[in-house]
Structure formats: C-alpha cells, structure tokens
Amino acid sequence: MAIAKVEPLLTTRALRGPFDYRLPASLGDVGVGSVLRIPFGRQRILGVVVDVAETSDLPPERLAEPLEALEAGATPEMVRLGLWVAHEYCSTPARGLELVLPPGTGRSGRGPGPRFELSASLTPPGREALAGGVRLGPVQRAGLEALSGDGELAAAELQQVGVDTRALRRLEARGFIELHRTERARRPAIVDVGARSPRPELTWDQKVALVRIVTGMDGHDGRELLLHGVTGSGKTEVYLAAAQAALERARGAIVLVPEIALAPQTVSRFAARFGDRVALLHSRLTAGERRDEWERLRSGEARVCVGPRSAVFAPMRDLGLIIVDEEHDSSYKQEGDPRYDAREVAARRAEQAGAVLVCGSATPRPESWERMPRSDLPERADGAPLPPVEVLDMRIGSGREGPLHRRTIEALTEVRATGGKAIVMLNRRGWSPHLDCRACGRAWGCPECDVSLVVHRRDERLRCHHCGYAEPLPSSCPDCGSVTLARHGAGTERVAELLAEAVDPLPVFRLDSDSAAPAGAHLEILRRFDTSDQGVLVGTQMVGKGHDFPDVVLSVILDADATLRFPDFRSEERTFALVAQLAGRSGRGQRGGRVLVQTLAPQAPAIRHAAAHDAEGFLTSELERRRILGYPPFSHLMRLELTAPEADLAEAAAQLAHDRVQGRLPAGVALLGPAPRFRLRGRHRRQLLLKAPERDPAVAAVRETVDDLAGSRTLRGVAISVDVDPQ
Ligand code: ADP
Ligand code: ZN
Ligand code: ZN
C-alpha cells in the first residue's frame, strides 16, 4: 500500500503535520511535490505530498484517500527547500511550501491556467465552397476569403475583418474550416532602456572572477564568490558571461536583483543577451504572466530567471548559478511570514544543487566580506577615476543655511552656469517631519502609532509614514488656538522647492514614493531627467539605485548620518552603503564629477570611509567593532515580537515568552528584553532579542516556544512574529 505524507496548505500553527493518506492507483503518478485535494476534517483543501511511504502508523480504516491530484506541483528538491525555509525562519510548513508551488496554488485553490489562442484554417470542402456555388452569408464568405490565402489565421486577426468566434464555429460546423487551440504564453513587457555593448572583451580582473565561477560550476572547489567592485567596474558583464557559461553546460541561472522597477538596465541587458531564454518573475506581473513565466522555467524553455528575492524559488532544474546583485540591499529580506533572507536561501539552494553562488556589490555586507572568498574589480571599466568627495559639516556655526550648506548652493549655481546635471538625495519624504505649536508645545503625532506626523504641503495633509493615516493640515492649534505652528526639518518636498529657487530656471525633478506612486511614474521621471539638457533630480534613495546618467557632474547627499541615529547595530553599514553607493555612481562619462556629503557627524567612520571610497577600510574596522560587541557575523540574532491592542497584554505575553524561551535556551545565549518598541497601527509592541553563538539550538528554542504559545488561550489577541537574522 502506498501512503502519502501530506502537509495541508493551512497556516494554523497548532497543526502537527504531515498527515497520512492512502494513495489509490486510480490517482495516477503521485510523488513528493504533488498537490492533492484532500478531505481534512469537514473541509476539502489542498495539501502537498512531502514524503511517500509503504506503511502508516494509523490502522488502514482510519486512512482517507485524496479526492484528486492536481497537475501542477513542485520538484522534491524544491519541497525540501520550502520546508527548510519554514523550519529555519520559524514559520509553518504551509507558508514555506507556498513559496515553491506554482503561482496561485494555495489555500484559496489553484492559480490561473494556460492561455489558449484560437486559430482557423481552410479545409478542402471550404475551398470548394468558396469556388463553387454554395450559399454563404457575407460574414462567412469574408471568413473563407480571408483564409484562402496561405495557411492559418488567429481568431483575433479574423475578428478584425468582422468574423467573430460565433461565425467561425458555424463554419467549423459546416466542415469548411478547422479550428485549432494552441497554448500561447503571456509574456511580461521588458522595458527597453537601450541596453548597450554586445560582449566586450573581458578585462584581466573580470576574467579572473569568471574563471573562479566556472571552475566552481565544473565541480571543483569554491562554490561561492563575492564580487566586489564599484558601479561601472563591470560586474554585470561578469554575471552575463557566467550565465552564458552555465547555459553552455546545459545548466540554468537565477539572477536576483533588489527591485525590478529599479533595475531595468540589468533586466534589459540579460534579455538582450539571452532573448527568450530569459524569464522574469516579479510581483508586478499579472497572474497569467506569472503562471506562464513560471511554466517556461519549469519546462526548461527558459533557462535564466531574473527577478527580486522571490525568484530564488524559480522552478528550474539543473541549476548552475545563482547571482545576487547589490547583495547589501535590504530588500532581500522578506518582511512577511516567513521572514526569509533570499541571500541565505540562495546559499542553501546553491549548495543543494551544486551551483555557484555569486554575490556582487560595491558595498558588501560585513557578513559576506568575512565569510566568502572574494574577487575585486578595483577600477571602472571605462577607466574613469572615482569622483572626489567633500564632507560638509552641518553642525551649528559651520556655514549652514537651512537644509542646504553654502557650498552646496555654490556647487549647484556652478552646475547651472557651466552645464550638466545634479542629483540630490535626502532619505526623507514630505515637506517637514515634525509640526508643533510654538505657543503651547503641542506636537502632532499619529493616533495609531507613536511617531510624528509628517507635513505634506502640496496636498495639505499630515501623514503617518508608518500606517498611512492622514489628516488635514491644521491652520491653528486645537488646544490653545495659536496660529504660530512650526514646521521642523526638511523632506524631499521642501528641498525640491529650495533647489528650484537655487537653480532657477533649471527644471527640478522629484523622485520619491509620493511622486512615483502611479504605475510607471518612476520611469517617466527618470526619463524626463535623462532627456533634459540640464536639471536637478532630487529624491529619496530611489535616486541612487540601478541607473546611471553620464552627464551628472554633481551628487549631493543631505543629512547623510540620519541612518546613523537609528539605535541598530547595522546603522554603520547602512550609512556607509548609502553614501558610498551614490558617490560611486557619480562622475561617469567624460566630464568627471564631484560629490558633497552634508552631515552632522563628519567624523563618523562610516562617513569618512565612504568619502574616501574605502570599502575595505570600512569593513575591516566595522568587523572589528562587531567582533568586540559580539554581533553578526560573530553571533546569530533572533528577534521575537509580541503585539497586542493593550499594553498590559503585550507586556504579559512578552514576559511569558521570555520565561518560556529562557527555559529552553542552551548556555551562552544572551536573551534581552522584553523591551518596548513604538506603538504601530494601534498595536503595542514588545520585543525579545537573542544573541546566540550557535544558530540551530537557538532557532529550535524559539520555534518550540512559538508553537507552544500559539495554542495558549491566555494569549488571545496577541500576535507573535519571529525574525531570524533581523535587518
Ligand atoms: P557594473 O555592473 O559593475 O555596474 P557593468 O558591467 O554595467 O558594471 O559595466 C559598466 C559599463 O562598462 C557598461 O557599459 C559595460 O558595457 C562596460 N564594460 C564592462 N566591462 C567591459 C569591458 N571588459 N570592456 C569594455 N567595456 C566594458
Ligand atoms: Zn497650542
Ligand atoms: Zn501611524
């Protein structure tokens, strides 16, 4: 007797699967990865086969049979990967499995099916009918005439000459035509951004990196490589050559990029090089497109997959290569359940498949620097030097004029006078981040979250940037009636206006998630900036990502240390990446360029090293700091967050969780908290932090605790989330 061990696609934590089902022969070929419709209690739901066995612990009469087997499924390797993710990130098997199943397969049912296209061709009787005296209506005659040329026509084409599907069916019934249904993949549009240069001869450094990748692929040592090089040093050329090498070995490649909308250049270069062998998987595809791209990968028609973090689960066989471009980018961490890190999943999958993992960045993470063998691309491919960076001290009494330093204004005026373009980055949107009453001191905060409301002047509203709450901008204080309300600080909206004055009459383009909210607006803003003769692009970190403009001669970063003020051990790393990324992107093309960094912390190592384009110096000192403090990569962090509508409940739950975890932890693990975090979306939050020298026992302790608490009645209304390797 064959027994299928099935994980139901239900995310309730209290379930302890897998469950045994008897497999009748009539169900056909069912194996690990098959999706079955199963009776489950009183419901009928979908489940995934995670194992097949000969016997069950249950007596035969208690075993139910599946109702049907779906056509779609996952490979055993991918089932293993999905379960690993669930386990490693303390989630449920269902959530892990959903990541590797065909798009749309889940609790709600199956996803969209294939699209068929109808086409018609003339039969011999049809040809005779047209020639001879058979009576034909005008529509039918038009149809036969259209088809009397050569071969087959699509129904859509016939529609254009007035022959609709009903007419075609009638012609078919009379035996005059044959109708054919063929599967036609829905393909996503690839934005053409003029991908350039077919296959340049690789430089020595690029060849060295490539050889190491290919050697790894051919089964020798070295299955991981960190490719370190500034923007323009030729990393993407190495990725392209490595993917080519994989294809030549009949193996596939996955190319992960931070955000598809911010990486049109990378996508279009891969599409230009590999054509139909490239598939795209990202969240902006329609359900049909996603299903068809997924299917092209599964069937092996497409062998290169480009996409953001979820593309690490692309269903390709014989994987030879996984590339993680801009590996420092925080978007590789999934924020929902499971909170997986695509870089870790990529490493795991590469190991499973015997594939090579390549991580590329100008500003690698300390973890990767410490852990991975490395190839450097120390120079830009065009030989241009990196631009000089000047740090501007914004502390009181050092020549500052509001949000813009005097030197910044001078440099902008110079750009206006001598031609060229400038980019200004400020990682804060809106007009100003705080509003308060001069008379009574009232400050405007979000009613749902413990944060300030941000002034948005154009739409005259105060907005919460955490939950989306908005209210009209007040003209007087509701507490004391005073009309002297003060706006503190500046966001992109206000800076855009200041810049417009400074560089008048040059155009100023603002790029942030407010201005780029409508679909496609983001590319349109970049296109307008690109095609105008002169101008200034101002925005959040979106302006520093994924695209380069050769005629930018000045880049400015405002409030460069804002990220340093977060109480987080990664703030140094983030600040360095932010400044170094924009600095490294400037001064491409003939005219060179310069970079200005405005900051309140001119002496901070992250700022000083970034200004010197010194990634190695930064990483060396940062790793030393982490070694002393026992932070990753010298330990593993885990965060447990408990939230509840009332503060008391959140506190009690956190205390309970603390005690339960404590009891399970091996010696040497530090458990910190419960510590309050700011209230968010009306929920009070408490967090526990674990710092563990060894990963597996600590993850196991957290997982058991969460499973255990999930069933507890006293914790009704409490939500628990686990973040392994929090960012
Ligand atoms: P990165 O990915 O590091 O930003 P790219 O691969 O995009 O770098 O290379 C930057 C530019 O230099 C591109 O226009 C690319 O075509 C060109 N380039 C890269 N490698 C070479 C090379 N070996 N010879 C000539 N041009 C090159
Ligand atoms: Zn007041
Ligand atoms: Zn809010």
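**View 1. β5 gives the second largest pocket the largest share of its lining, 5 residues.** This close-up, like the others here, comes from a predicted model. Besides β5 (68–73), the elements that each supply at least two lining residues are β3 (34–40) and α10 (287–299). The lining runs to 31 residues in total, and L70, E71, A72, G73 and P102 are the ones nearest the pocket centre. Sort the lining by character and you get 16 nonpolar residues, 8 polar and 7 charged.

**View 2. The second largest pocket sits between domain 1 and domain 3.** Domain 1 covers 2–98 and domain 3 covers 204–377; both put residues into the lining, so the pocket lies between them. The space inside comes to about 730 Å³.

**View 3. Four cysteines hold the zinc ion (ligand 2).** Here the SG atoms of C437, C440, C477 and C480 coordinate the metal at 2.2 to 2.4 Å. Angles among the 4 donor atoms run from 102 to 115°, and the site is tetrahedral. Read along the chain, the donors of this ion show the spacing C-x2-C-x36-C-x2-C. Look at C440 and C480: C440 is in the loop between β20 and β21, C480 is in the loop between β23 and β24 (485–488), and so the two tie together parts 40 residues apart in sequence. As for accessibility, C440 is partly exposed, with a relative accessible area of 39%. C480 is also partly exposed, and its relative accessible area is 39%.

**View 4. The zinc ion (ligand 3) has its own set of cysteine donors: C446, C449, C464 and C467.** Each of these residues offers its SG atom, and the donors lie 2.2 to 2.4 Å from the metal. The arrangement is tetrahedral because the 4 donor atoms subtend angles of 105 to 116° around the ion. Their spacing in sequence is C-x2-C-x14-C-x2-C. Within this set, C449 and C467 link distant parts of the chain, 18 residues apart: C449 belongs to the loop between β20 (434–437) and β21 (454–456), and C467 to the loop between β22 (461–463) and β23 (470–472).

**View 5. C449 and C467, seen by how much of each is accessible.** Both are donors to the zinc ion (ligand 3). So is C449 buried or exposed? At 1% relative accessibility it counts as buried, because the cut-off for that label is under 20%. C467 has a relative accessible area of 27%, so this residue is partly exposed.

Terms used
Residues numbered from 1 in each chain as written. Chains lettered and ligands numbered in written order. Predicted model: local features only at pLDDT ≥ 70, side-chain atom pairs only at ≥ 80, totals over all residues. Heavy atoms only, no water. Donors = N, O, S within 2.8 Å, 3.2 Å for Na, K, Ca; no water. Tetrahedral: all angles 85-135°; square planar, octahedral: opposite > 155°, others 65-115°. Helix = DSSP H or I, 4+ residues; strand = E, 2+ residues; numbered from the N terminus. Buried < 20%, exposed > 50% of the residue type's maximum accessible area, 1.4 Å probe, protein only. 1 Å grid on protein atoms, 1.4 Å probe; cavity = no way out; pocket = protein on both sides within 12 Å on 5 of 7 lines; lining within 4 Å. Points joined across faces, edges and corners; volume = space filled by probe spheres on them. Nonpolar A, V, L, I, M, F, W, Y, C, P; charged D, E, K, R; others polar. Domains from an automatic or database assignment.
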